Amino acid sequence: MIPIISLLRPQQWVKNLVVFMPPFFGAVMSDAVIWLRCIVAFCCFCLASGAVYCLNDVMDRESDRKHPHRCNRPVASGRVSVSSALTIGVICGIGALVIAFWGMEYCRTYAVTIVAAYMLLNIAYCLRLKQVAVLDVFIVSSGYVLRLFIGGVACGVVLSPWIVLVTFLFTMFLTMAKRRSDVVLRESVAGHSGRRSTQSYTLAFVNAVLGILATATIVCYMIYTVTPDVTARLGSPYVYGTSVFVLFGLLRYLQLAIVDGAGDNPVRLMLTDYPLLLCAAGWLISFVVIIYF
């Protein structure tokens with residue numbers, strides 16, 4: 001049972017909390033109905049992402065066996081068979097669509113379309129597109145934007161174009177930092193080729209891209225904080241003050257990724273690095289004060 005649970009990577013489900021961003025920024029988190037709707041959307045994406053992880057582990061099992069950490073994944077290590085992983089993936093995928101159809105009847109068409117688009121995009125990613133440099137990063141980031149969209153339709157909040165751009169750019173930044181770790185491993189371990197897309201990356205290229213993405217993210221975020229409709233909806237002209245936390249967080253992550261080479265697992269890094277945790281807590285608390293007090 002434990003290998004099956006591990007196959008679905010529940011530790012990665014924290015990524016699906018993105019569905020709660022629209023109601024949070026829309027200042028409607030005090031509504032219990034909104035909470036229920038977002039929880040349903042969260043469950044949809046937990047199942048959908050679990051289905052994708054099953055397929056991904058099956059497709060990557062040979063290369064994972066040569067990786068110092070990924071060799072412990074259930075399929076690569078032999079704890080879960082290929083047929084079992086695919087069966088579990090299909091069940092999770094169908095479950096995600098069923099919940100989207102029956103559990104989100106207030107936005108059924110949009111919900112099913114978004115969940116289906118997420119799974120189809122990631123199936124294409126697992127089968128082929130993950131091998132295409134740069135495009136692979138775009139696809140991963142698009143998955144987070146789809147999470148944002150389902151959160152928006154679930155709670156009826158119209159998303160600011162700037163917050164969509166921030167989400168896309170920031171997740172590109174995290175994904176490229178992860179690719180950097182693959183490049184470092186490829187260059188330092190003899191005989192380790194890594195995923196095909198990283199063959200087209202060099203450290204100089206990845207470092208330059210990380211700088212560009214960090215800059216674009218903070219600029220878009222700052223524009224978001226001073227947009228008139230955002231300051232009006234949040235009821236404060238001081239939203240721009242939260243940019244301090246975003247800037248510090250991005251610089252800290254750059255330091256960890258480039259100087260310490262610690263960007264291989266973004267979720268684990270952000271949950272274990274105390275400066276990042278304090279920065280995230282400060283950012284969150286500042287928004288809670290601005291919106292709800």
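Okay, so which helices do the buried residues of H10 pack against? Hold that thought while I set the scene.

What we have on screen is a predicted model. It's a helical protein: 14 helices and zero strands. Reading from the N terminus, you just go α after α down the chain. The radius of gyration is 19 Å, close to the 19 Å that the globule rule gives for 293 residues, so the protein is as compact as a globular protein of that length. If you box up the C-alpha atoms along the principal axes, you get roughly 55 × 45 × 30 Å.

Now the inside. Of those 293 residues, 49% count as buried. And if you take contacts between residues at least 6 apart in sequence, 69% of them join residues at least 24 apart.

On the outside, the accessible surface is about 13,700 Å², with 72% of that belonging to carbon and sulfur atoms. Charges, quickly: 22 positive side chains, 13 negative, and the centres of the two sets are 4 Å apart.

Right, back to H10, residues 203-226. At 1.5 Å a residue, its 24 residues should span 34 Å, and the end C-alpha atoms sit 35 Å apart, which agrees. Its buried residues include Val206, Val209, Leu210 and Leu213, and further along Cys220, Tyr221 and Tyr224. Ala214, Thr217, Ile218 and Thr225 are buried in H10 too.

So, the partners. The buried residues of H10 pack against H2 (21-25), H9 (161-188), H11 (228-234), H12 (243-259) and H14 (274-292). That's what I had on H10, thanks.

Note on methods:
Residues numbered from 1 in each chain as written. Predicted model: local features only at pLDDT ≥ 70, side-chain atom pairs only at ≥ 80, totals over all residues. Heavy atoms only, no water. Helix = DSSP H or I, 4+ residues; strand = E, 2+ residues; numbered from the N terminus. Rg over C-alpha atoms; globule rule 2.2 N^0.38 Å. Buried < 20%, exposed > 50% of the residue type's maximum accessible area, 1.4 Å probe, protein only. Contact = heavy atoms within 4.5 Å. Areas by Shrake-Rupley, 256 points an atom, 1.4 Å probe, with all protein chains shown as cover. Lys, Arg positive; Asp, Glu negative; His and termini not counted. Charge placed at Lys NZ, Arg CZ, Asp CG, Glu CD. Expected span 1.5 Å × (residues − 1).
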